[in-house]
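Let's take a walk through this structure together, starting with the whole chain and then stopping at a few places along the way. Keep the picture open as you read.

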Amino acid sequence: MELIINTLLGLLSAYILYEYYITFFDVRKDSLVAKLILVTYVVWQLISMPAFFDIHSTVRAIIGIAFIFIVGICFTGSGTGKIVFAFIYSGIWFLTEMLVGSIFMMLQIDIIIYSTLGSAICELYKLLLVKMLQLFFQHGSIRGFSWKNNSILMTIPIAAIFFSYQMFALTSKTGKKSDIIISSIAFVLLMMSIFLIFVMYIKLVDRYELKRKNDIFEKEIALHSEYIKEKEGVMNEFRKTKHDLKHTLLNVLDLLRNEKYDALEKYIEDIADLKIMENLTISNTDNTLVDALINYKYEKAKKNGIKFCVNAKIPYNLPFDNADLCVILGNALDNALEASEKVSKDKAFINLMMRYAEDNLVIVIENYFEGKNNRTKEGKIITSKKEHFNHGIGLSSIQNAITKYNGHMKIEENNSVFKLSLIMYS
């Protein structure tokens, strides 16, 4: 019976660590190494149980910590972030064992005799913590935070465990029944308070997200207004041209009858060079939001003498949030415009390609840039307003937006041409 219980505890421990990591990172599903590491960790959890092998507790702890760090390879994301969260999990593990040990001492329960029970309580408590963390960190907006912000939030449960350990350790020294009851009630209230703190934090994040979307919707309304004005202007020009068409044809017929071919040729050339063509918009897809946004950026590019080419084929309705589309296209085109404004007019250009096929949206933006592009160890672009190259501004916002749709962002640089490729899955 004890063998079965230890086997189940080993499997539970491996499951808890896996659930902990997927709370913050995505699994490397296509990596054979990742699968082998996960299988090896499960095997280690089984053979390290006292019922199988009598391994010294210190050695078991060291190998266990090593595996916590190694298992991080099975997940995508920042290497530094995974190391930080491995340290946090190790801290939760040790503090949990200390907490359970102090509770046993407080209740005067022999830890050695009831070691299996203590291990079971430790694993169940860790599982409860991980599930609570998942309820919080798998919230869409919070999951989009950087690992630095999330790791700071993780100090709350660690501090709570440490406080609980100190409380039960002091209670065990007094041995008074009243102190035991008070400590137990305080522990329950502390856990409830932490849960309520996380719930309130989620509500605040939702309120912030609502405000952010309202700001974006206001920009959408402004863009739609500009779009409608542009269309009205074009239609007015067409109406005027249609009204003058009769007189134009009569003039052509008169010149033709009088065999004034030179004058006729010049007159036709004048007609072909209609000013209305200058007012036509560059983006004319079925999607009014995308058209309005692209045409707005096109006007800015045209005023600054930047060549702007668009090749967009998308439907009227897209299965993506309009606010996210505004964030993605707006930031990407703003970066391209800022970089293009810093180069000579004969070199400045922006190429935009958009395609929607098989429920996937592909966006590719290219532009010429000058200056040095600095990156972090993870490959992320570091920029500031003082630098000549500003593509890093807004890239994190773009990444957060496409992550909602399991999308990917790729950055390429070749011969001073910056290429941003995005794909979003519906």
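Before we start, one term: two residues are in contact when they have heavy atoms within 4.5 Å. What you're looking at is a predicted model. Now take the contacts in the protein chain with a separation of 6 or more: 71% of them come from residues 24 or more positions apart.

Next, the overall inventory. The protein chain has 14 helices and seven strands. It is 426 residues in length, and 38% of those residues count as buried. As for the outside, the accessible surface of the protein chain adds up to about 24,700 Å², with 62% of that belonging to carbon and sulfur atoms.

Let's stop first at helix α4, which covers residues 79-106 and holds K82. Is K82 buried or exposed? K82 has a relative accessible area of 10%, and buried means under 20%, so K82 counts as buried. And what does K82 touch, leaving aside residues up to four places away in sequence? Its partners are Y21, F25, R28, G72, I73, F75, T76 and G77.

Now move along to helix α9, made of residues 177-257, where you'll find I181. The relative accessible area of I181 is 45%. That value lies between the 20% limit for buried and the 50% limit for exposed, so I181 is called partly exposed. I181 also has a share in a nonpolar surface patch of about 460 Å², together with I185, V188, L189 and M192.

On to the strands. β1 and strand β2 (residues 349-357) run parallel, and seven bridges join them. One spot to look for is A312, which stands opposite M354 in β2. How does the chain get from β1 to β2? It goes through α13, and this β-α-β crossover is left-handed.

Our last stop is on that same path. D321 sits in the loop between β1 (307-313) and α13 (322-340). With a relative accessible area of 26%, D321 is partly exposed. Which residues does D321 touch, again not counting those up to four places away in sequence? They are K213 and Y405. D321 and Y405 are 84 residues apart in sequence, yet their C-alpha atoms are 10.0 Å apart in space.

Definitions and conventions:
Residues numbered from 1 in each chain as written. Predicted model: local features only at pLDDT ≥ 70, side-chain atom pairs only at ≥ 80, totals over all residues. Heavy atoms only, no water. Patch = residues over 30% accessible without salt bridge, like charges linked within 9 Å, V, L, I, M, F, W, Y side chains within 5 Å. Areas by Shrake-Rupley, 256 points an atom, 1.4 Å probe, with all protein chains shown as cover. Salt bridge = Lys/Arg side-chain N within 4 Å of Asp/Glu carboxyl O. Helix = DSSP H or I, 4+ residues; strand = E, 2+ residues; numbered from the N terminus. Buried < 20%, exposed > 50% of the residue type's maximum accessible area, 1.4 Å probe, protein only. Pairing = 2+ DSSP bridges. Right-handed = clockwise from strand over helix to strand, strands pointing away.
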